[in-house]
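Thanks for making time, everyone. I have one model to walk through today. Please have a look at it before I start.

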Amino acid sequence: MAANVNAEGAKLDFADDMSYGDYLSLDHILNAQNPLSTDHNEMLFIIQHQTSELWIKLMLHELNAARERLKADDFSPAFKMMARVSRIMEQLVSAWDVLSTLTPSEYSSIRPFLRQSSGFQSYQYRLIEFILGNKNDVMIRPHRHYPNLTAILQAELEKPSLYDEVLFLLARHGYKLDDAILKRDWTLPYRYNGSVEAAWLEIYRNSESSWSFYELAEELVDLEDSFRQWRFRHMTTVKRIIGFKRGTGGTSGVGYLTQVLDTELFPELWRVRTSL
């Protein structure tokens, strides 16, 4: 028997009210898929990348808010925000499973239509890298034809990263860090520092009396672990679909993606495990 919708009191007339589709701007979102080929599989490729960009937008929302909370010594909300980002990255890892259903021959049919467009040119992804401390001003160049995006990226390049704010937090609470690490050039990628490892070692060895900092350390490790898994799954999916061909954006493809896997965002938190 069909459910009696009217008996449930469901609203059915939205001529003068906001509907679900209105609230979510679904007309814009669901009409943003414009395949350039006649190939059936291009829709998968487009939606995969569009949804990834939406998740990345949420990650940036959370990471920027977490950085502000840490600047205010407000631990708990920052932990929640960072944990949410880690879970979003898990969602993105799973999304590669869908794209991996695209076979090499299927991708070859749509690849010419991409021309030189590539995920390498995602300005939102670059903002994620910058906010996590992997700074590189060269990565702004693909966006120079959009002055507004260039300005956004340049501003993030010049800001202390999330990890820099964590180090300021440690220093404010009495942990002895080198002045050089607290006054470094924010436009450069973060590099390992012995005084930072010593501070984390003290925290791990005294976790009960330093619980908030101990939890902060583990949230950061969880965040980087999830980020690495996301990048690793990206690399294996690309390898599965195009092998060792060059990327559409001009990179070496799998070679480039393998190389970035070696980047450590929070190096002291990984090395301290050997010292414990």
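I'll take the core, then the salt bridges, then the empty spaces.

One caution up front: this is a predicted model.

Start with the core. The largest nonpolar core has 73 residues. Which of them have the most contacts inside it? They are L132, Y163, W200, L220 and W230. The general background is familiar: in soluble globular proteins, nonpolar side chains tend to be buried together.

Take Y163 as an example. Set aside its neighbours within four places in sequence. Y163 then contacts Y190, V196, W200, L220, L265, F266, E268 and L269. Two of those names, E268 and L269, come back in helix 13. That helix covers residues 267-275, and P267, E268, L269 and V272 are buried in it. What covers them? The cover includes helix 8 (162-172), helix 10 (194-205) and helix 11.

Now the salt bridges. A search of the whole structure finds 13. I'll show three pairs.

First pair: E62 and R84. Their side chains meet at 3.0 Å, N to O. E62 sits in helix 3 and R84 in helix 4, 22 residues apart, so this pair links distant parts of the chain. Buried or exposed? E62 counts as buried because its relative accessibility is 6%. R84, at 37%, counts as partly exposed.

Second pair: E90 and R87. The N to O distance here is 2.9 Å. Both residues lie in helix 4, 3 residues apart, about one turn of the helix. That spacing fits a general rule: an α-helix has 3.6 residues a turn, so residues three or four places apart point the same way. E90 is partly exposed, with a relative accessible area of 40%. R87 is partly exposed too, at 37%. And the pair does not stand alone: R87, E90 and D222 are linked in a network of salt bridges.

Third pair: R233 and D97. Their closest N and O atoms are 2.7 Å apart. R233 lies in helix 11 and D97 in helix 4, so the bridge ties together parts that are 136 residues apart in sequence. R233 is buried, with a relative accessible area of 19%. The cut-off for buried is under 20%. D97, by contrast, is partly exposed at 41%.

Stay with D97 for a moment. Its helix, helix 4, spans residues 75-99. How far is D97 from F213 in space, C-alpha to C-alpha? The answer is 35 Å, with their positions 116 residues apart in sequence.

Last topic: empty space. The count comes to 1 cavity of 30 Å³ or more. The largest cavity holds about 30 Å³. Its lining is P104, Y107, S108, R111, I241, I242 and K245. Helix 5 (104-114) and helix 11 (211-242) each give two or more residues to that lining. Helix 5 has the largest share, with 4 residues. By type, the lining divides into 4 nonpolar, 1 polar and 2 charged.

Then there is the second largest pocket. About 180 Å³ of space lies in it. I29, L30, A32, Q33, I47, Q50, T51 and L54 line this pocket. Helix 2 (26-30) and helix 3 (42-71) each contribute two or more of them. Helix 3 gives the largest share, 4 residues. Here the split is 5 nonpolar, 3 polar and no charged.

That's the tour. Questions, please.

Note on methods: Residues are numbered from 1 along each chain as its sequence is written. This is a predicted model: local features need pLDDT of at least 70, side-chain atom pairs count only at pLDDT 80 or more; totals for chains, interfaces and linings use all residues. Side-chain values use heavy atoms; hydrogens and water are left out. On a 1 Å grid over the protein atoms alone, a cavity is a set of points where a 1.4 Å probe fits but cannot get out, and a pocket is an open set with protein on both sides within 12 Å along at least five of seven lines; lining residues have an atom within 4 Å of a point. Grid points are joined across faces, edges and corners, and a volume is the space filled by probe spheres set on the points. Ala, Val, Leu, Ile, Met, Phe, Trp, Tyr, Cys and Pro count as nonpolar, Asp, Glu, Lys and Arg as charged, and the others, Gly among them, as polar. Buried means under 20% relative accessible area, exposed over 50%, partly exposed in between (1.4 Å probe, protein chains only). Contact means heavy atoms within 4.5 Å. A nonpolar core is a set of buried Ala, Val, Leu, Ile, Met, Phe, Trp, Tyr and Cys residues joined through side-chain atoms within 4.5 Å. A salt bridge is a side-chain nitrogen of Lys or Arg within 4 Å of a carboxyl oxygen of Asp or Glu.
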